[in-house]
Amino acid sequence: MTRRQRRLTMIGGALAVLSVAAALVLNALRDSIVFFSTPTMVAEKHVPAGKRFRLGGMVEPGSLVRGDNLAVTFAVADGQAKLPVAYKGILPDLFREGQGVVAEGALDARGVFEADTVLAKHDENYMPKEVADALKKQGHWKDDYGKRPDDRAGSPGTMRAVQAGQGLSQ
Amino acid sequence: MIAEAGHYALVLALALALIQSTLPVLGARWRDPALMSVARSTALAQLLFVALSFAALVTLHVTSDFSVVNVYENSHSLKPLIYKITGVWGNHEGSMLLWVSILALFGGLVAAFGQNLPMALRALVLAVQAWIASAFYLFILITSNPFLRIAEPPIEGRDLNPVLQDIGLAVHPPMLYLGYVGFSISFSFAVAALIEGRIDAAWARWVRPWTLMAWIFLTLGIAMGSYWAYYELGWGGWWFWDPVENASLMPWLAGTALLHSAVVMEKRNALKVWTILLAILTFSLSLLGTFLVRSGVLTSVHAFATDPTRGVFILLILCIFIGGSLSLFAWRASALKQGGLFAPISREGALVLNNLLLTTACATVFVGTLYPLGLEVLTGEKISVGAPFFNLTFGPLFLPLMIAMPFGPLLAWKRGDLLGVAQRLTAAGVAALLAVALVWAWARGGATLAPLAIGLAVFVIAGALNDIVERSGVLRLPLASAISRARGLPRSTWGTMFAHAGIGIALIGIVCETTWNSEYIGSMQPGDVAKVAGYELKLDGVTQRKGPNFSEMVAHFDVGLDGRPLSAMTPSKRNYPARGSSTTEAALLSRGASQLYISLGDTAANGAVAVRIYHKPMVLLIWFGPVLMAFGGLLSLSDRRLRVGAPKPARTVRGLQAAE
């Protein structure tokens with residue numbers, strides 16, 4: 001093989017690997033990404049049953065009902081609309097009524113959001129970033145959500161996330 | 001007083017870094033030895049002052065001086081001493097100070113042990129280090145000063161995030177930073193070589209030990225972080241494809257590629273331009289990781305920093321260094337002479353394939369991590385890219401890499417014999433097929449992919465052993481002479497064996513854990529028994545206990561196997577009143593490489609506790625693999641030929657690469 005042929009072989013091989021990778025990425029981006037919605041967006045867009053998405057909002061106070069064998073239902077609200085959520089399993093440490101939550105799953109035929117993952121992913125304001133942004137956009141953001149007690153130096157809030165779910169689901 | 005001294009020391013370190021970033025460059029340009037040697041003394045002095053500054057912050061945390069904001073916000077007088085110390089880097093400001101301290105440490109090491117480097121190269125390398133250091137000193141002093149005071153000091157601190165009050169914090173961030181920041185050395189060497197317009201095999205010989213050292217720490221840091229997440233977060237996952245995890249995986253992938261391409265450059269004087277580019281990319285990805293974590297641009301498990309001014313500042317640093325170095329690369333790379341021809345089927349060819357697959361895999365992780373960010377900026381639409389994306393892209397790219405892995409080290413340099421190598425790997429192939437058959441029979445059908453993946457892992461492990469077995473002659477020579485031959489093999493050969501086998505071992509762990517993981521989720525009353533994977537776990541009772549800065553509910557489980565009592569497990573749920581937050585402390589019971597895992601949920605009104613129990617077969621292999629890899633790296637590092645400060649190599653490298 002001449003030097004030129006060798007170089008062409010190398011370049012050809014590299015292009016082959018890269019195009020396979022590009023195809024894999026495009027394919028995966030089409031099938032495996034999950035969109036984020038609020039209850040209002042779900043009501044407006046009419047999401048088909050069975051399509052996976054992430055639902056974010058506040059856990060409606062008084063809506064949490066614990067059933068048998070760790071089944072729970074609660075409602076997620078964003079000020080304009082609310083959506084019932086069903087989940088089976090252990091809720092994260094930081095899950096509280098009146099505070100932010102992100103759940104991943106899909107709507108069932110009755111319009112109940114069947115969550116397989118519940119994330120209470122937030123800082124000390126109990127407000128997930130996605131939820132805060134969505135609420136701000138809809139004009140439901142109350143300024144006092146954003147203030148932390150005794151924040152003197154503008155230091156970072158402490159973010160933490162605790163997830164409950166089946167296995168490796170994030 | 002101590003806070004002011006620490007602050008002052010940091011300002012002095014900045015001043016020294018500014019001197020170090022200018023004078024030696026001029027010295028290298030004018031060939032002035034006096035100016036060039038400024039680099040060495042400033043690097044050492046800079047290390048001293050940063051160390052003083054860091055020591056000051058540690059002292060403030062240990063003595064619980066709540067007149068300092070950083071201590072007030074992240075410490076508590078009742079916190080155990082170890083967490084007072086580790087809490088220093090459990091927050092944004094402190095972790096940035098740790099970052100620059102490690103940067104100064106590496107600069108100091110180059111200054112101290114780089115005596116045999118050509119003077120101009122050393123001056124330039126240290127100057128580039130100082131550019132990075134200056135940027136980060138400015139960042140700390142302007143946006144994230146850990147030494148700020150409060151006008152009216154409070155009596156008690158707000159305590160450290162309970163999730164971080166764990167021994168993992170003592171080990172994981174320093175290790176990770178030693179890895180991240182360690183790659184700055186290869187970056188500085190690359191930029192220095194571009195400025196000088198000269199690069200040879202000796203350059204690779206100097207860069208490789210530093211890269212290897214950084215890689216070892218990064219490997220251990222990632223593995224440690226994964227194990228920490230596994231036992232601390234309470235849901236038994238060990239890798240979440242979380243953006244912050246990806247941020248550490250990307251430099252690891254690029255750094256692994258760099259290690260391998262540096263071998264080609266050192267041995268064969270080929271792939272020079274590519275190696276330089278990889279060195280730049282690896283550290284750029286480290287910087288990107290720092291940006292992703294520190295700017296709070298992504299909401300994720302680790303993002304304990306949120307402040308846009310910081311984000312913009314780090315973004316600026318990122319743009320200047322990545323943009324600058326890549327422009328320099330585009331401008332100067334053509335000046336570097338290409339050398340060392342090789343056939344596609346050869347050791348070099350195999351290493352090129354390794355690089356190609358590793359960097360492509362790294363690129364897919366990059367896309368998956370940054371695509372949601374880009375989409376949100378462009379369209380405002382929020383998406384999340386999770387495990388399915390990475391399983392579909394990263395997995396298929398790692399597959400050929402693992403198949404090719406045993407072949408690489410057996411191929412000859414310049415022109416290899418693929419058929420011959422395949423014959424030498426027959427035993428490994430047979431072992432792999434045997435493993436597939438055995439696992440398939442044991443699992444009675446079931447998952448079809450799992451036995452194949454285990455077969456692949458066995459192939460990788462057996463292939464890694466193959467080289468050592470052949471070269472030591474353990475199967476054909478008397479034992480004594482085989483042992484002496486094995487001892488005579490270069491340490492780097494052993495290193496390769498351990499590192500490659502480590503990948504296979506980690507794969508076995510991953511496959512077993514994901515395929516045969518069994519779990520039980522339910523609420524249990526005292527006296528109830530849960531059965532998981534043949535184990536009986538009886539909840540004995542629940543007691544309350546008081547810790548130094550928390551109170552906890554401890555559940556007592558008796559674990560039995562086949563009716564015989566085995567052990568006790570005590571998972572707990574802790575409540576930290578200072579922050580009003582709680583954590584779940586999982587209980588782990590290791591049985592060989594497998595583990596039982598219990599974590600607690602809420603307690604219902606009737607006293608029933610929500611319990612999650614997992615049996616995770618072979619799960620410990622997931623972390624044992626990386627430890628083996630790091631051990632292999634360490635062996636390689638101790639190789640006589642690679643030792644830091646080894647004598648300048650003879651010019652024989654040039655002579656060897658003559659004819660095609």
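Q: In which kind of crossing does α2(B) pass α5(B)?
A: The model is predicted. In it, residues 33-62 of chain B form helix α2, and residues 92-113 of chain B form helix α5. Where α2(B) passes α5(B), the crossing is left-handed.

Q: Is α2(B) roughly parallel or roughly antiparallel to α5(B), and why?
A: Two packed helices are described by the angle between their axes and the distance between the axes. For helices α2 and α5 of chain B, the axes lie 8 Å apart and the angle is about 150 degrees. Angles over 145 degrees count as roughly antiparallel. Therefore α2(B) is, with respect to α5(B), roughly antiparallel.

Q: How many residues of the contact of α2(B) with α5(B) are nonpolar?
A: Residues of α2(B), including B:Ala39, B:Leu47 and B:Phe54, meet residues of α5(B), including B:Leu97, B:Val100 and B:Ala111. Of the residues in this contact, one is charged and six are polar. The nonpolar residues number 14.

Q: Which helix gives the most to the largest nonpolar core?
A: The largest nonpolar core has 192 residues, and B:Val100, B:Leu103 and B:Phe136 are among those with the most contacts inside it. B:Leu103 touches, among others, B:Ile132, B:Ala133 and B:Phe136. With 19 residues, the helix that gives the most to this core is α8 (residues 201-232) of chain B.

Q: How many helices and how many strands does chain A have?
A: From the N terminus, the elements of chain A run α-β-α-β-β-β-β-β-β-α-α-β. Here α stands for a helix and β for a strand. The secondary structure of chain A therefore comes to four helices and eight strands.

Notes:
Residues are numbered from 1 along each chain as its sequence is written. Chains are lettered from A and ligands numbered from 1 in the order in which they are written. This is a predicted model: local features need pLDDT of at least 70, side-chain atom pairs count only at pLDDT 80 or more; totals for chains, interfaces and linings use all residues. Axes are lines fitted to C-alpha atoms, for helices over the stretch in contact, and angles run from 0 to 180 degrees between N-to-C directions. Helices (H or I, at least four residues) and strands (E, at least two) are DSSP runs, numbered from the N terminus. Angles under 35 degrees count as roughly parallel, over 145 as roughly antiparallel, 65 to 115 as roughly perpendicular and the rest as oblique. A crossing is left-handed if the near helix is turned anticlockwise from the far one by less than a right angle, and right-handed if clockwise. Two residues are in contact if their C-beta atoms, placed from the backbone, lie within 7 Å. Ala, Val, Leu, Ile, Met, Phe, Trp, Tyr, Cys and Pro count as nonpolar, Asp, Glu, Lys and Arg as charged, and the others, Gly among them, as polar. A nonpolar core is a set of buried Ala, Val, Leu, Ile, Met, Phe, Trp, Tyr and Cys residues joined through C-beta atoms within 7 Å. A residue is buried if 20 or more other C-beta atoms lie within 10 Å of its own, exposed if 12 or fewer, and partly exposed in between; C-beta atoms are placed from the backbone. Lists of a residue's contacts leave out its neighbours within four places in sequence.
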